[in-house]
Every structure is written in structure tokens, then in C-alpha cells.
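Biologist: Hey, I'm new to this one. Can you put it up and walk me through it?

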Amino acid sequence: MEMTSADHALYLTFEGHQEGVNSVVFSKYGNTLAADMDNTIRLWDISTGQEKRVYWVDIGEHSTSSVRSVAISPNGCVIAGGINEIETICLWDVETTEQTNLLRETASDALHWVNTVAFSIDGKMLASGSEDGNLYLWNVTTGEKIKALTEDTENIFSIAFCPDGKTLASGAADNTIRLWDLPSGENIATLEGHTDWVFSVAVNRDGKMLASGSRDKTIRIWDTATKKEIMPLIGHQNVVWSVAFSPDGKTLASGSEDHTIRLWDIATGGQLAAITGHTAPVKCVTFSPDGSKIASSTDNGAVFIWEINV
């Protein structure tokens, strides 16, 4: 694997899986990593590289539906998976691997799978975005749908809660990012600038900046207070599937169809590094809680963990 810029090393690799991996997420303390794998969610010990647990999908009719997105609750106790079935989400107990709840919408306009899931800051609520353009809020304890923020016709690919706990960002196939007021359910802003679908959104820790990655090959940084674009980040040669802020908010990681991860300096917009050598599109990137590692997943079923120094 060729690396450019300072000190980046491949730490762990998980390969040999039959399907592409859409989503990877570190646990609260960064000692484990979860990813969707071959119709399951699998959890690995980062220190040993050993698989610790497997979470199986059980939706009643059959148990082999694939998982399209993964999230871990802020307290580290619950894993959520958006399922490749009609508006369906599964919840599991992290320690016991027991599936504790099945969230499902049966409305007439709920026809397709869930692309993305995210826990609220306090972990009491789960948001989901689907291929139908449905954006729902769920009660994690009861499994009941709290409200629909939108039931649009444009696919929702990514969602992210803002640190204030009152705002949700979504990226969709109408080339925009929308900000939603959670108490009222109102769309409070629509950010325009991308010229193609928005596949990923991320909010930094203080909530002042939002990043978006698009099929137009660009990343854009936005000011959440003014709702204005700060700058574009140009460098990827193909679709940007995923963006993620480092915990300190100084660096942005992006994963692309061009088989690279790129690291960006948020202060200047300059590219810090390009991690090359993936043999397939990079579908997801995420930082460890301490910012010392990046996990990436690919379209050919591989997961990598990189040690970084930027």
C-alpha cells in the first residue's frame, strides 16, 4: 500500500467476505469495531484483531437480509442496523448479541430499504433515512416511530445529529443537505451547491461545521450558523462516498470510488495525505475516538484500520 505524506501505517485488515461493506463504526472507547458483513454485523477486538461477536438479522420471514448501515449508541450498549428490507431496522444488545427490537414502518409509501441510521446524542432516539426518501425518528426503548421529518421521493443516503441534540442533517439525491429542527420536525435550512447526489454528511464535534461528500466528486464544508458554504475540497477523481471529521475537528477524512482515502486540513482546505492501494471503492471512513486510527471499508468486502499521524 503506497502512502503519501507523514506516517500512515496499515494496522489491521479484515478480508475474505463475500459482500461489500457499507458501514464501519468504532465503539465508544475505540477498543472494538463493528461492520456489516455477509448479512450480519460483526464486532472485532482492535488490540488482537479477533472477531468477538456476531449479530444476526431476524425479521421473522427470514434471517438472511443484508445490513446496509450500522450505528452504536453513545453509551456503547446498543447496535442498530438498517436492513435491506422494507423500512426495517434491527437493534441488538452489544454484550449478549440478542436482537432486542425490530423497528418497521408499514405505510403505503414505505417500499424500500434503510440506507442510514444514527443515534441521537443522548442515545434515546434513532434516526433513519431510506431509499424512498423517508426520514423517521424512533424511540430506541419502545421501538415506536416518534415522527416523520419527511416522506419525500428523493433517496436519503446519510444523516448526522448535531451536538446540540436538536438538529439533524441529511444528504439526499436532490443534490442538497437539509437541516431539521427535531422538536418541531421542520426543515430549517436547505444547503445547495453540490451538482449531484449527496452520499455523506458529517458534523464536527462543536457543531459549527458540516462536511458533505457527493457524486459530483467534491467535498464541501459548510458553516452551520450562517448556512453558507465555507469552501470546496477538490482532489478525488470519482464519487465521494464517505466523509468523517477527526475528534479534534482539525482533519477531515474522505473515502471515494477512486479507491483512495484522503485527509484534509480543515483550516486551509489543503490535502494532507492520500492513502492509496485499496483495490475497490472506499465506501466508508471513520475515525477512532482518540483520533489515532481510521477505519475504512470497501466494495469488495474488506475492512482496513490505519494508524495515522497528521
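Biologist: Let me start with one residue: is Thr 97 buried, partly exposed or exposed?

Modeller: Thr 97 is partly exposed, because its relative accessible area is 27%, and buried would need under 20%. Keep in mind that this is a predicted model.

Biologist: Where does Thr 97 sit?

Modeller: In the loop between E8 and strand E9, which covers 99–104. Its phi is near 65°, a positive value in a residue other than glycine.

Biologist: Why point out the sign?

Modeller: Because most residues other than glycine have a negative phi.

Biologist: Which loop holds Lys 217?

Modeller: Lys 217 is in the loop between strand E19 (209–214) and strand E20 (219–223). Its phi is also positive, near 80°. Lys 217 counts as partly exposed, with 40% relative accessibility.

Biologist: OK, new topic. What volume does the largest pocket have?

Modeller: About 1800 Å³. The lining is made up of 50 residues, and those nearest the centre are Val 25, Ala 118, Ile 159, Ala 160 and Thr 286.

Biologist: Which elements give two or more residues to that lining?

Modeller: They are strands E2 (24–26), E6 (67–72), E10 (114–119), E14 (156–161), E18 (198–203), E22 (240–245) and E26 (282–287).

Biologist: And how do the lining residues of the largest pocket divide into nonpolar, polar and charged?

Modeller: There are 30 nonpolar, 15 polar and five charged residues in that lining.

Biologist: How much space lies in the second largest pocket?

Modeller: About 170 Å³. That pocket is lined by 13 residues, with Ser 27, Asn 31, Thr 32, Gly 76 and Val 94 nearest its centre. Its lining has four nonpolar, five polar and four charged residues.

Biologist: What about cavities? How many of 30 Å³ or more are there?

Modeller: One. The largest cavity holds about 50 Å³ of space.

Biologist: Which residues line the largest cavity?

Modeller: Gly 133, Thr 150, Asp 152, Glu 154, Ile 156, Ser 170, Ala 172, Asp 174, Arg 178 and Trp 180. By class, that gives three nonpolar, three polar and four charged. E15 and strand E16 (176–181) each supply at least two of the lining residues.

Biologist: I see Ile 156 and Ala 172 in that list. How are they linked in the strands?

Modeller: They're bridge partners, with Ala 172 in E15. E14 and strand E15 (residues 167–172) run antiparallel and are joined by five bridges.

Biologist: In what order do the strands of that open sheet go?

Modeller: The order is E14-E15-E16-E17, four strands with antiparallel pairing. E14 and strand E17 (186–192) are the edge strands, each pairing on one side only. On average, neighbouring strands in this sheet are turned by 20° against each other, direction ignored.

Biologist: Switching again: how many residues does the largest nonpolar core have?

Modeller: It has 15 residues. Ala 34, Ile 41, Tyr 55, Val 57, Val 70, Ile 79 and Trp 92 have the most contacts inside it.

Biologist: Which elements give two or more residues to this core?

Modeller: Strand E4 (40–45), E6, strand E7 (78–83) and strand E8 (88–93). E6 gives the most, with three residues.

Biologist: Why is E4 described as largely enclosed?

Modeller: Because six of its six residues are buried, E4 is largely enclosed by the rest of the structure. Thr 40, Arg 42 and Trp 44 point one way from E4, while Ile 41, Leu 43 and Asp 45 point the other way.

Biologist: What pairs with E4?

Modeller: Strand E3 (residues 32–37) pairs with E4 in the antiparallel sense over six bridges, and one of the pairings puts Ala 34 opposite its bridge partner Leu 43 in E4. E4 is also joined to strand E5 (residues 51–56) by five bridges, again antiparallel. There, the bridge partner of Thr 40 is Trp 56.

Biologist: And what do the turns look like?

Modeller: E3 and E4 form a hairpin with two residues between them, and Asp 38 in that turn has a positive phi of about 45°. The hairpin of E4 and E5 has five residues between the strands, and Gly 49 in its turn has a positive phi of about 75°.

Key:
Residues are numbered from 1 along each chain as its sequence is written. This is a predicted model: local features need pLDDT of at least 70, side-chain atom pairs count only at pLDDT 80 or more; totals for chains, interfaces and linings use all residues. Side-chain values use heavy atoms; hydrogens and water are left out. On a 1 Å grid over the protein atoms alone, a cavity is a set of points where a 1.4 Å probe fits but cannot get out, and a pocket is an open set with protein on both sides within 12 Å along at least five of seven lines; lining residues have an atom within 4 Å of a point. Grid points are joined across faces, edges and corners, and a volume is the space filled by probe spheres set on the points. Ala, Val, Leu, Ile, Met, Phe, Trp, Tyr, Cys and Pro count as nonpolar, Asp, Glu, Lys and Arg as charged, and the others, Gly among them, as polar. Two strands pair if DSSP finds at least two bridges between them. Axes are lines fitted to C-alpha atoms, for helices over the stretch in contact, and angles run from 0 to 180 degrees between N-to-C directions. A nonpolar core is a set of buried Ala, Val, Leu, Ile, Met, Phe, Trp, Tyr and Cys residues joined through side-chain atoms within 4.5 Å. Buried means under 20% relative accessible area, exposed over 50%, partly exposed in between (1.4 Å probe, protein chains only).
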